[in-house]
Amino acid sequence: MGEEGTKGTVHLLCLAASSGVPLFCRSSRGGAPARQQLPFSVIGSLNGVHMFGQNLEVQLSSARTEDTTVVLLVGLEELTNIRNVERLKKELRASYHLIDSFLGDSELIGDLTQCVDCVVPPEGSLLQEALSGFAEAAGTAFGSLVVSGRVVAATESWWRLGTPEAVLLPWLVGSLPPQAARDYPVYLPHGSPTVPHRLLTLTLLPGLELCLLFGPRPPLSQLDPQLLDRWWQPVLDPLRACVPLGPRALPAGFPLHMDILGLLLLHLELKRCLFTVEPSADQEPSPEHRRRLLRAFYTLVTASHFPPEPGSPEEKVEDAAQRSQVPRACYLVSGPEEPGTGWRLVALQSGPRRLLLLSAQSPTHALRGLATHTLHALTPLL
């Protein structure tokens, strides 16, 4: 796979490793699918690199950026042992919505953090009880409620899914066009890369979907409608309260300081996150700009200031010895320091939680206090 940017257009090209034959090419400009596709001459040049390497007995295994992933809807065996290129190209079309959502300006951030995008429902315990009861009655341990690609509630087994499937499954559901019900074959890159599971989705309310993982049985048609009524009709009002939570993430009326324009809260052990740029939506910058600022700041603080968690594979011995010198907070000021001009970004690490805030009004000396107070208020939620 290769990724290329040209005048604001992002191209993703996938070539077969064995032959260099193009499998698909997706393009995005300004967050939307682009009409301008990757020129045939560029595709041919990349194919030529593969052929040139073969002639020199050099095997080109991949040419990619750091931000790539295996497609969830096609099995690893089909991708690595291609028997029929045309058939594979046809199967890959099922992944186009998912691929396009990664290339565009998504409202989600799990692709960057590798944490599951979540929302906080006002009556989460009721929804959790209904979900667990329904999943057990339907014959599966894997169930979740998803709104706009974000998890509202999930069973214990669903939360135990490994990375990247825990991030990819709700992202996939959020990337698909609205549909009353779906029966999708999915491969789990970590748990089952060669044998497909079935992802069943049922729309409970517009924008709110019930997701279940099954084996070969039962077919979607055998899910008893009375079972749906039994478990979900009593919690219809809490379900309705979840629908507007998509981009907001937090319940209506949650006390956030008026200076906060966006936030990202991560629980690094649970691999879950809350991400919103909805506070004070009538102020500048735009939601798209806020998302870009927070994503760039997350990349900066993760690479430069906050090391991997203890015991993670990325941590080196010398890093562990220097953990006592690691900062627990950092901030970035863009533009003049006078309140109301430029942007202020602050990051705070406390135990397994990491909080990033975006503000335009807070003076620099107040940023740490603002972050500490906000993290204390958010801790019970995640």
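**Close-ups of a predicted model**

**View 1. Helix 6 and what packs over it.** Strand 6 (143-147), strand 7 (150-154), strand 10 (208-214), helix 9 (225-232) and helix 10 (236-242) are among the elements that cover the buried residues of helix 6. Keep in mind that this is a predicted model. The residues of helix 6 that end up buried are L127, A130, L131, G133, F134, A135 and A138. When you look at that list, it helps to recall that an α-helix has 3.6 residues a turn, so residues three or four places apart point the same way.

**View 2. The length of helix 6, and what follows.** Helix 6 runs over residues 124-138, which makes 15 residues. How far apart should its ends be at 1.5 Å a residue? The expected span is 21 Å, and the end C-alpha atoms are indeed 21 Å apart, so the two values agree. Right after helix 6 comes G139, and its phi is positive, near 95 degrees.

**View 3. F134 and W232, a tilted pair.** Searching the whole structure turns up two aromatic pairs. A pair of this kind is described by the distance of the ring centres and the angle of the planes. Here is one of the two, with F102 and W171 saved for the next view. For F134 and W232, the centres are 6.1 Å apart and the planes make 50 degrees, which is a tilted arrangement. F134 belongs to helix 6 and W232 to helix 9, so this pair links distant parts of the chain, 98 residues apart. Are these two residues buried or exposed? Both F134 and W232 are buried.

**View 4. F102 and W171, a stacked pair.** This is the other pair from the search, which finds two. The ring centres of F102 and W171 are 4.7 Å apart, and with 25 degrees between the planes the pair counts as stacked. Distant parts of the chain meet here too: F102 sits in helix 4 (residues 96-103) and W171 in helix 8 (residues 165-175), 69 residues apart. W171 is buried, because its relative accessible area is 3%, whereas F102, at 26%, is partly exposed.

**View 5. Two arginines over rings.** R26 lies over the face of Y96, 4.1 Å from the ring centre. In the second example, the charged end of R272 sits over the ring of W159, at 3.6 Å from its centre.

**View 6. C211 and its surroundings.** C211 is in strand 10. It is buried, because its relative accessible area is 0%. Which residues does C211 touch, beyond its neighbours within four places in sequence? Its contacts are F142, G143, S144, V146, W158, V173, L199, L200 and T201. As for L199, it is 12 residues from C211 in sequence, and the two are 6.8 Å apart, C-alpha to C-alpha. Another cysteine, C242, is likewise buried, because its relative accessibility is 0%. There are zero disulfides in the structure.

**View 7. Stepping back to the whole chain.** The protein has 14 helices and 15 strands. Of its 382 residues, 43% count as buried. Take the contacts with a separation of 6 or more: 58% of them are between residues 24 or more positions apart. The accessible surface comes to about 19,300 Å², and carbon and sulfur atoms hold 54% of that.

Notes:
Residues numbered from 1 in each chain as written. Predicted model: local features only at pLDDT ≥ 70, side-chain atom pairs only at ≥ 80, totals over all residues. Heavy atoms only, no water. Helix = DSSP H or I, 4+ residues; strand = E, 2+ residues; numbered from the N terminus. Expected span 1.5 Å × (residues − 1). Buried < 20%, exposed > 50% of the residue type's maximum accessible area, 1.4 Å probe, protein only. Contact = heavy atoms within 4.5 Å. Disulfide = S-S within 2.5 Å. Areas by Shrake-Rupley, 256 points an atom, 1.4 Å probe, with all protein chains shown as cover. Phe/Tyr/Trp six-rings, centres within 6.5 Å; stacked < 30°, edge-to-face > 60°. Lys NZ or Arg CZ within 6 Å of the ring centre and 35° of its normal.
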